[in-house]
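Me: I've got a structure open and want to talk it through. Can you go over it with me piece by piece?

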Amino acid sequence: MYDFTNLNTLNFSWSLLKNGKEVANGALPVLDIAPYASQKVKIELPKLEDATAEYHLNLYAKTKTATDLVPNKHTVAFEQLVVSKGKSTLQFDTKEAIDVNEDTDFMTISGKSFKMAFDKKTGGLSTLDYGNGNVILEGIKANFWRPTTDNDFGHKMPKKLGVWKEASKNQE
């Protein structure tokens, strides 16, 4: 629908996020750009003062007028760009003693500020605790299957490739 449309039919806006929360926003001027053409656009962002924060820039294209299929102010395109990854404040003290213990079921690695355990039967991570309780509900497992679509049924994918679904369920 928009392959042959000038961008002046859309309103463009932006939003600056700091650690996922909006801290600034604005609108871009009308972009009179023909189909298959390009143009550089400068966006004046506020100063990024927190070096430890992640900053992302969200860009939005919304309709200016309603059509038979699309309402007015409907978002027809968006993009998120990384502005700054930030610096982690998490520090790992390499002088801290690390204990490794094994019993019949688990191998546990722990230190003063963390504890993690692996299930020896499945090989999966079963515990990860940084002092606020275990944050793992279920260990990571390989998944060799995806939900089927209508086209997959026409191609008989569940029958032909069902072995991969079972491989995901019955891992040893």
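Me: Start in the middle of a sheet. Which residue stands opposite Thr108 in strand 7?

Reply: That is Ala117. Keep in mind that this is a predicted model.

Me: And what does Thr108 face in strand 6's other pairing, the one with strand 5?

Reply: Asn101 stands opposite Thr108 there. Strand 5 and strand 6 are antiparallel and share 4 bridges.

Me: How many residues sit between strand 5 and strand 6 in the hairpin?

Reply: The hairpin of strand 5 and strand 6 has 3 residues between the strands. Strand 6 and strand 7 also form a hairpin, with 4 residues between them.

Me: How many bridges join strand 6 to strand 7?

Reply: There are 5, linking residues 106-110 of strand 6 with residues 115-119 of strand 7 in an antiparallel arrangement. Besides the Thr108 and Ala117 pair, Ile109 is placed opposite Met116.

Me: What's the strand order of that sheet?

Reply: The order is 5-6-7-8, in an open sheet of 4 strands with antiparallel pairing. Its edges are strand 5 (99-102) and strand 8 (125-129), each of which pairs on one side only. On average, neighbouring strands in this sheet are turned by 10° against each other, direction ignored.

Me: OK, the other sheet. What order do the strands take there?

Reply: That open sheet runs 2-1-3-4, also with 4 strands and antiparallel pairing. Strand 2 (21-27) and strand 4 (75-84) are the edge strands, and each pairs on one side only. The twist from one strand to the next averages 20°.

Me: How many bridges join strand 1 to strand 3?

Reply: Strand 1, residues 10-18, and strand 3, residues 55-63, are joined by 9 bridges and run antiparallel. One of the paired residues is Lys18, whose bridge partner in strand 3 is Tyr55.

Me: I clicked on Gln80. Where is that?

Reply: Gln80 is in strand 4, which is one of the edge strands of the 2-1-3-4 sheet.

Me: Why does Gln80 count as partly exposed?

Reply: Because its relative accessibility is 42%, and partly exposed covers the range between the 20% limit for buried and the 50% limit for exposed.

Me: What does Gln80 touch, leaving out residues up to four places away in sequence?

Reply: Gln80 touches Leu17, His56, Leu57 and Asn58. Take His56: 24 residues separate it from Gln80 in sequence, while their C-alpha atoms are 6.5 Å apart.

Me: Different spot. Where does Ala34 lie?

Reply: Ala34 is in the loop between strand 2 and strand 3. With a relative accessible area of 40%, Ala34 is partly exposed.

Me: How far apart are Ala34 and Asn6 in space?

Reply: They are 4.6 Å apart, C-alpha to C-alpha, with their positions 28 residues apart in sequence.

Me: Zooming out. How many helices and strands does the protein have?

Reply: The protein has 3 helices and 8 strands. Along the sequence the pattern is β-β-β-β-β-β-β-β-α-α-α.

Me: What radius of gyration does the protein have?

Reply: The radius of gyration is 25 Å, whereas a compact globule of 172 residues would be near 16 Å. The C-alpha trace spans about 70 × 55 × 25 Å along its principal axes.

Me: And what share of the residues is buried?

Reply: Buried residues account for 19% of the 172. The protein exposes about 13500 Å², with carbon and sulfur atoms supplying 54% of that area.

Me: What about contacts, which fraction joins residues at least 24 apart?

Reply: It is 39%, counted among contacts between residues at least 6 apart in sequence.

Me: Last one. Which residues does the UniProt domain annotation cover?

Reply: The unreviewed UniProt entry places "domain: Beta galactosidase small chain/" on residues 110-169. That stretch of the chain is 28% helix and 18% strand, and its end C-alpha atoms lie 30 Å apart.

Methods. Residues numbered from 1 in each chain as written. Predicted model: local features only at pLDDT ≥ 70, side-chain atom pairs only at ≥ 80, totals over all residues. Heavy atoms only, no water. Pairing = 2+ DSSP bridges. Helix = DSSP H or I, 4+ residues; strand = E, 2+ residues; numbered from the N terminus. Axes fitted to C-alpha atoms, helices over the stretch in contact; angles between N-to-C directions. Rg over C-alpha atoms; globule rule 2.2 N^0.38 Å. Buried < 20%, exposed > 50% of the residue type's maximum accessible area, 1.4 Å probe, protein only. Contact = heavy atoms within 4.5 Å. Areas by Shrake-Rupley, 256 points an atom, 1.4 Å probe, with all protein chains shown as cover. UniProt positions renumbered as here; feature names shortened; annotations may be inferred.
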